[in-house]
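Trainee: I am new to this structure and would like to go through it by question and answer. May we begin once it is on view?

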Amino acid sequence: MRRSPELRPTGWDGLVVLAVVVLAAASAWMVWRGPAGEGNLTAVVSIDGAEVERIDLEADGETRTYSHNGYTLTVNLRPDGEAGVRVETSDCPTQDCVHTGTITRAGQSIVCLPARIIIQLEGGPAADGDAPDVVIG
């Protein structure tokens with residue numbers, strides 16, 4: 001009669017477990033460390049997926065208008081004197097871009113789906129670790 005194999009952990013099993021733990025820790029560290037803040041806060045405007053303009057928000061503080069797909073957005077750069085972006089008016093039906101409000105941190109974006117316009121912030125100072133990630137309501 002055949003004997004069943006011994007089911008004891010070996011050194012190779014320990015090596016595999018160690019590799020999985022190291023990869024998990026490295027992945028978690030990369031996700032939780034957040035975006036590195038470097039340079040000035042910059043607004044990147046994309047229309048139909050193509051970048052059309054890059055605006056340094058530390059130096060520029062005016063209102064710009066973007067039109068595409070039959071819709072027009074009026075964008076306020078540096079609202080309230082702070083580095084940020086807000087869509088003041090839009091003639092799109094849902095007004096989601098207007099209701100987004102002011103964005104002020106790298107990684108935030110304003111999207112107008114009917115006009116196919118995206119405004120995303122890049123760079124700027126490192127985010128405050130105590131600030132909330134999301135505010136609902």
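Trainee: Which residues does Val85 touch, leaving aside those up to four places away in sequence?
Mentor: In this predicted model, the contacts of Val85 include Ala43, Leu57 and Val75. Further along the chain, Val85 also touches Gly101, Thr102, Ile103 and Ile110. The list is completed by Asn76, Leu77, Pro79, Ile119 and Leu121.

Trainee: Which members of the largest nonpolar core touch the most other members?
Mentor: The largest nonpolar core has 22 residues. Strands S1 (42-47), S4 (71-77), S5 (85-90), S6 (109-112) and S7 (117-122) each give two or more residues to this core. In general, nonpolar side chains in soluble globular proteins tend to be buried together. The members that touch the most others are Leu57, Leu73, Val75, Val85, Ile117 and Ile119.

Trainee: Which strands are the edges of the open sheet of four strands?
Mentor: The order in this sheet is S2-S1-S7-S6, with antiparallel pairing. From one strand to the next, the twist averages 15 degrees. An edge strand pairs on one side only, and this holds for strand S2 (50-56) and S6.

Trainee: Which side chains of S6 point to one face and are buried?
Mentor: Side chains alternate along S6. Ser109 and Val111 point to the other face and are not buried. The buried pair is Ile110 and Cys112.

Trainee: In S7, what is the bridge partner of Cys112?
Mentor: S6 and S7 run antiparallel and are joined by four bridges. One bridge pairs Val111 with Ile118. In the hairpin of these strands, four residues lie between them, and Arg116 takes a positive phi near 60 degrees. For Cys112, the bridge partner in S7 is Ile117.

Trainee: How many disulfides does the count come to?
Mentor: A disulfide requires two cysteine sulfur atoms within 2.5 Å. By this rule none is counted; for Cys92, the nearest cysteine sulfur is that of Cys112, 3.7 Å away. The sulfur of Cys97 is 3.9 Å from its closest cysteine sulfur, also in Cys112, which is too far for a bond. The count of disulfides is therefore zero.

Trainee: Is Cys97 buried or exposed?
Mentor: A residue is buried when its relative accessible area is under 20%. Cys97 has 1% relative accessibility, so Cys97 counts as buried.

Trainee: How many residues of helix H1 are buried?
Mentor: Helix H1 (residues 11-32) has 22 residues, and at 1.5 Å a residue these should span 32 Å. Its end C-alpha atoms are 32 Å apart, which agrees. H1 is hardly covered, and the count of its buried residues is zero.

Definitions and conventions: Residues numbered from 1 in each chain as written. Predicted model: local features only at pLDDT ≥ 70, side-chain atom pairs only at ≥ 80, totals over all residues. Heavy atoms only, no water. Buried < 20%, exposed > 50% of the residue type's maximum accessible area, 1.4 Å probe, protein only. Expected span 1.5 Å × (residues − 1). Core = buried A, V, L, I, M, F, W, Y, C linked by side-chain atoms within 4.5 Å. Contact = heavy atoms within 4.5 Å. Pairing = 2+ DSSP bridges. Axes fitted to C-alpha atoms, helices over the stretch in contact; angles between N-to-C directions.
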